[in-house]
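Subject: Structure for your review

Dear colleague,

Please find below the structure that I am handing over to you. My notes on what was found in it follow directly after.

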Amino acid sequence: MISRDDLELALPGATIGAVAGTLAGGLTLIAGVPVGLAAQSALALSVPLAFFGGLYGVLLGRGVFRPGTFGPIGLYWMAAFPLSRLLQESVAGAGANDGVLTFLLFQAMVSLGFAIGFVFLHERVMPPWLMRRRAGNPRADALFGLYVRHAQVLQTRKGARR
């Protein structure tokens with residue numbers, strides 16, 4: 001069951017996903033799509049990206065993912081991003097003209113770029129958020145401890161190379 005503590009951990013990832021979906025949907029305006037369809041497209045992508053972004057934060061807090069790793073997160077987004085895009089296309093798109101499998105495979109390739117950006121933003125937004133929430137949230141406190149240990153390891157490695 002999802003608790004209030006989990007929801008607090010989900011908020012940064014959900015926000016990143018929602019903003020990314022809104023921006024991507026907004027880019028359809030540049031392509032000349034009518035405003036109503038662009039809004040529908042933005043909403044149809046923002047909702048699933050917000051869901052998967054929030055789920056990432058919950059899974060991070062439960063120890064499924066670790067700060068500073070990319071491989072498992074890349075695989076996560078290789079599944080989540082194509083599903084999000086498929087939902088967007090089914091609601092507001094012109095359809096996958098080359099077939100669903102080709103569409104999903106292409107989206108899986110694109111997802112790694114999205115994953116890099118998502119992780120980059122999440123690793124910068126999450127620690128300050130955890131510092132604010134850790135006093136009343138034991139999951140946030142434990143996750144903040146992981147971030148601190150990760151930063152210490154990186155600092156030690158950097159010092160050893162000098």
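A residue is called buried here when its relative accessible area is under 20%, and exposed when that area is over 50%. Phe 52, with a relative accessibility of 16%, therefore counts as buried. Phe 51 stands at 52% and so counts as exposed. Please bear in mind throughout that the model is a predicted one.

Aromatic contacts

Searching the whole structure gives eleven aromatic pairs. In one of them, Phe 51 and Phe 52 meet edge-to-face, with 5.2 Å from centre to centre and 70 degrees between the planes. Another joins Trp 77 to Phe 118; this pair is tilted, at 4.9 Å centre to centre and with 55 degrees between the planes. The pair links distant parts of the chain, since Trp 77 belongs to helix 3 and Phe 118 to helix 4, 41 residues apart. Both Trp 77 and Phe 118 are buried.

These four residues also belong to one aromatic cluster, which consists of Phe 51, Phe 52, Tyr 56, Phe 65, Tyr 76, Trp 77, Phe 81, Phe 114 and Phe 118.

Packing of helix 3 and helix 4

How do helix 3 and helix 4 pack, and at what angle? Helix 3 covers residues 71-92 and helix 4 covers residues 100-133; their axes are 7 Å apart and form an angle of about 125 degrees. The two helices are therefore oblique to each other. The crossing of helix 3 with helix 4 is right-handed.

On the side of helix 3, the contact is made by Ile 73, Gly 74, Trp 77, Met 78, Phe 81, Pro 82, Arg 85, Leu 86 and Glu 89. Helix 4 contributes residues including Val 100, Phe 103, Leu 104, Gln 107, Phe 114 and Phe 118. By type, the residues of this contact divide into 16 nonpolar, three polar and two charged. Trp 77 and Phe 118, the tilted pair described above, are thus both found among the residues of the contact.

A buried glutamate

Finally, I would draw your attention to Glu 8, which lies in helix 1 (residues 4-27). Is Glu 8 buried or exposed? Its relative accessibility is 9%, so Glu 8 counts as buried. Apart from neighbours within four places in sequence, Glu 8 is in contact with Trp 129, Arg 133 and Asn 137.

Yours sincerely

Key. Residues are numbered from 1 along each chain as its sequence is written. This is a predicted model: local features need pLDDT of at least 70, side-chain atom pairs count only at pLDDT 80 or more; totals for chains, interfaces and linings use all residues. Side-chain values use heavy atoms; hydrogens and water are left out. Axes are lines fitted to C-alpha atoms, for helices over the stretch in contact, and angles run from 0 to 180 degrees between N-to-C directions. Helices (H or I, at least four residues) and strands (E, at least two) are DSSP runs, numbered from the N terminus. Angles under 35 degrees count as roughly parallel, over 145 as roughly antiparallel, 65 to 115 as roughly perpendicular and the rest as oblique. A crossing is left-handed if the near helix is turned anticlockwise from the far one by less than a right angle, and right-handed if clockwise. Contact means heavy atoms within 4.5 Å. Ala, Val, Leu, Ile, Met, Phe, Trp, Tyr, Cys and Pro count as nonpolar, Asp, Glu, Lys and Arg as charged, and the others, Gly among them, as polar. Rings of Phe, Tyr and Trp (its six-membered ring) pair if their centres lie within 6.5 Å; planes under 30 degrees apart count as stacked, over 60 as edge-to-face and the rest as tilted. Buried means under 20% relative accessible area, exposed over 50%, partly exposed in between (1.4 Å probe, protein chains only).
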